[in-house]
Structures are given as C-alpha cells and as structure tokens.
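Colleague: I should like to learn how a structure of this kind is read. Please show it to me before we begin.

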Amino acid sequence: MSTNLQDAPITGAETASRPGHVKVNPALRGPILLATDGTAQSGAAVVAARLLAQRLDRPLEIVSVLEPQLAYGVALGGTPIYVPELDEARRSIRLAAVADYVGRYSDGPMPPVHLRLGAIAEEVAEVARERAATLVVVGAAPHQRVNRVVAGERAVHVLRSSTVPVLSVPPGF
C-alpha cells in the first residue's frame, strides 16, 4: 500500500512550537542536499528531499556532478585531450536540465545548485562536508538491470564516501 508522505501524520518527537516538524539532532544544522544528474528517473528524490527539508526545517540545496570528459583529437592520432569549452557547454546543459527537473517535481523557488566537475561520489561527499549537510538524498536506480548496475553503483559510492547520512529514494516513492 502506498502512502503519500505529505498527508502522513508525523509520529515520534514533534516540536511543540512547530507541529508537523520533527526534532533533529542539533549538531545536524546544515541543509538537505539533493544529489542529482538532472534526469527524470529519480524525480521521487526531489519530492522526498523537499518534504524532508520542510519537515526538518532545513534549507534544500542541490549538488550535481559532471565527470570530466576527454575529446579525442583526430589530428593528434586519436590522443585524448582535455577541451575546457566542452565542459563549459556541458555545465550549461546540466544546469538547465537540473532546473527543469526540479521545477517539474516540486513547487517553490529553485534551491541553490552546486555544480562540480570530478568523480561523482567524492564530489557529492565533499559538498556535503563543506555545507555541513544534515542528509544527502539520492535517487535509487530503476528496476532495469543496466540502470540498477550503473546508478546503483553510484548511490553505493556516495554512501561509502559520505560522512553524513544518505537516503536512497526509489522511483515511484
């Protein structure tokens, strides 16, 4: 049976001054960090991250990571070369995709986006440390075998690299 968490009652330790808001360890004062690549396959993670940010009275921030991509120069005999302009174009495309993605799955203003270039798990963990995040929210892989292997491995790497709790949200949440 599926439950809409926006309508679900909060159980446990609610704050008296803010009904519907759960007490959180005071040491965890940072934002809820949504890690996304801007694709629709983990739209449920946006919904979960927004809901958690509201319920825990924390700001929501987004991190998206582009892995460096090498171009292969034909004039250089197929030698891989780094082309900064390629990554700049990919940054623009990713920012637009994240803005569209978040807008489709939630209302409200666009949260701040931390766009990084590097290894996905390590960069997400680094932003979580820098921002003293309360929680990192990632989308879980759908059930197709290839997606489960690729996206599932990324989620596991984020979990292993992070020093803060990580919540993996399945599709259809």
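Modeller: We shall take the confidence values and then the sheet.

Modeller: This is a predicted model, in which local features need pLDDT of at least 70, side-chain atom pairs count only at pLDDT 80 or more, and totals for chains, interfaces and linings use all residues. Residues are numbered from 1 along each chain as its sequence is written, and side-chain values use heavy atoms, with hydrogens and water left out.

Colleague: What is the mean pLDDT of the chain?

Modeller: pLDDT is the predictor's confidence in each residue, from 0 to 100. Here the mean is 75, and 68% of the residues reach 70 or more.

Colleague: Which elements have the lowest and the highest mean pLDDT?

Modeller: Helices (H or I, at least four residues) and strands (E, at least two) are DSSP runs, numbered from the N terminus. Helix H4 (residues 145-161) has the lowest mean, 55, and strand S1 (residues 32-35) the highest, 94. Over residues 143-152, pLDDT stays under 50.

Colleague: In what order do the strands of the sheet lie?

Modeller: Two strands pair if DSSP finds at least two bridges between them. The open sheet has 5 strands in the order S5-S2-S1-S6-S7, with parallel pairing. Strand S5 (113-117) and strand S7 (166-169) are at the edges with a single partner strand each, so one side of each lacks a neighbour in the sheet.

Colleague: Over how many bridges do S1 and S6 pair?

Modeller: S1 and strand S6 (residues 135-139) pair in the parallel sense over 4 bridges. Ile32 stands opposite Leu135 in S6.

Note on methods. Contact means heavy atoms within 4.5 Å.
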